[in-house]
Amino acid sequence: MSELLTQQIQQLPKVELHSHLEGCIQPQLVRAIAKRNGITLKEGLFNEKDMFAWDNFVEFLGAYDEASFCLRKAQDYRDITYTYLQECAEQGTVYAETFISPDHAAAVGMSYDDMLLGCVQGIDDAQADFGIVGRLIVSCVRHLGPEQAVVVAQHLADNPHPYIVGFGMGGNESMFTQADFAPAFNIAAASGLACTTHAGEVLGPESVWDAIDNLPVTRIGHGVRSVEDPQLLVELAKRGIALEVCPGSNIALSVYPNLESHPLNKILEAGISVSLNSDDPPFFATTVGSEYLSGAKDFGLDLEQLRNISRMAMQASFADEQTKARLLAVIG
Ligand code: ADE
Ligand code: ZN
């Protein structure tokens, strides 16, 4: 790839719609926050390369839980939000939505209000310092079950905040069905929040059908395994449901053995709205910037196609119409 194209891609305005705040904390920040909170991190959390140590999807979720375990104060959430948005801004990102998980905060005795206070401060500070717009999607944890998801959604509906623009779900896809979570998603949607859910990542196209037929979602996290069902691709395009695609994450989690077999191009060819995302950067050695570069290097996308991905992402974002219009003009 030419140096000029690399530079042009680095400068291209980018939009990230799929990252998990608790999965964005670099090991050195985990250590610094643990130290100031007097917390001893679990033995073996990092490997010899100073990366998070895990071998499969369930172990990844365990390491992710462990990293979030050090977060105890509003200041901790402020610092991880600010650092994540700073990194995004340095890669040319103009808008980023990140999932936050009240269940992870509650697991260590932190209140929702303190978590949110910290995130909001991090967003304000990052916008003041780097111009990036950050927004939050509150995520329930699938393996904690549908009843807990209702608790999270109801709290969210009762406590709206302008920076919280959506409701989502991550966690272990092998537990429960998407339809089981309809009560939680319906509460969130009725309160005016846009919705997305992880599907078609670990499980196949039936999980995406389950999501789009039973939940009020306008986006799917990953959804890449939709390509195994041509009829589903047609349906996603027809309904205008956007896929939050994270190729680097998919390779790290062995959803695909390599980028050559990754279906990003098939999804684009089907006319489906796509964004490119990092998911959990230090866990998968991804960044939104490297995903765009990989779009050119590994998938043959040119600058205009990548710019169009930024446009599609901004359109599919959960931002208010004014923010969308302003940032679409920046993307060009
Ligand atoms: N939580 C954080 N990252 C996730 C992923 N890639 N899939 C499901 N749940 C997650
Ligand atoms: Zn994810």
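Me: Which residues does I187 touch, not counting residues up to four places away in sequence?
Reply: In this predicted model, I187 is found in helix 8, which spans residues 182-190. Leaving aside residues up to four places away in sequence, the contacts of I187 are V150, A153, Q154 and A157.

Me: How far apart in space are I187 and Q154, C-alpha to C-alpha?
Reply: Q154 is among the residues that I187 touches. In sequence the two are 33 residues apart, while their C-alpha to C-alpha separation is 6.4 Å.

Me: Is I187 buried, partly exposed or exposed?
Reply: The relative accessible area of I187 is 22%. Buried requires a value under 20% and exposed a value over 50%. I187 therefore counts as partly exposed.

Me: Which helix gives the largest share of the largest nonpolar core?
Reply: The largest nonpolar core has 92 residues, and F60, Y77, F167, I220, F283 and L306 touch the most other members. Seven residues of this core, its largest share, come from helix 6 (residues 112-130).

Me: Which residues does L306 touch, not counting residues up to four places away in sequence?
Reply: L306 is one of the residues that touch the most other members of the largest nonpolar core. With residues up to four places away in sequence left out, L306 touches I9, L12, L276, Y292, G295, A296 and L301.

Me: How many residues does the other core have?
Reply: This core lies apart from the largest one, and its members include Y95, V133, M314 and L328. Its size is 17 residues.

Me: Why is C88 in no disulfide with C24, and how many disulfides are there?
Reply: C24 and C88 are both buried, C24 with a relative accessible area of 5% and C88 with one of 3%. A disulfide needs sulfur atoms within 2.5 Å. The cysteine sulfur closest to that of C88 is in C24, 7.0 Å away, so the two are too far apart for a bond. The number of disulfides is zero.

Me: What share of the area that ligand 1 exposes when taken alone does the protein bury?
Reply: The residues surrounding ligand 1 include H20, F57, F60, Y64, H198, E201, D279 and D280. Polar side-chain atoms lie 3.3 Å from a nitrogen atom of ligand 1 in the case of H20, 2.7 Å in the case of D279 and 2.8 Å in the case of D280. Of the 260 Å² that ligand 1 exposes when taken alone, the protein buries 98%.

Definitions and conventions
Residues numbered from 1 in each chain as written. Chains lettered and ligands numbered in written order. Predicted model: local features only at pLDDT ≥ 70, side-chain atom pairs only at ≥ 80, totals over all residues. Heavy atoms only, no water. Core = buried A, V, L, I, M, F, W, Y, C linked by side-chain atoms within 4.5 Å. Buried < 20%, exposed > 50% of the residue type's maximum accessible area, 1.4 Å probe, protein only. Helix = DSSP H or I, 4+ residues; strand = E, 2+ residues; numbered from the N terminus. Contact = heavy atoms within 4.5 Å. Near = heavy atom within 4 Å. Polar contact = N/O pair within 3.5 Å; in protein donor to acceptor, adjacent residues only side chain to side chain. Areas by Shrake-Rupley, 256 points an atom, 1.4 Å probe, with all protein chains shown as cover.
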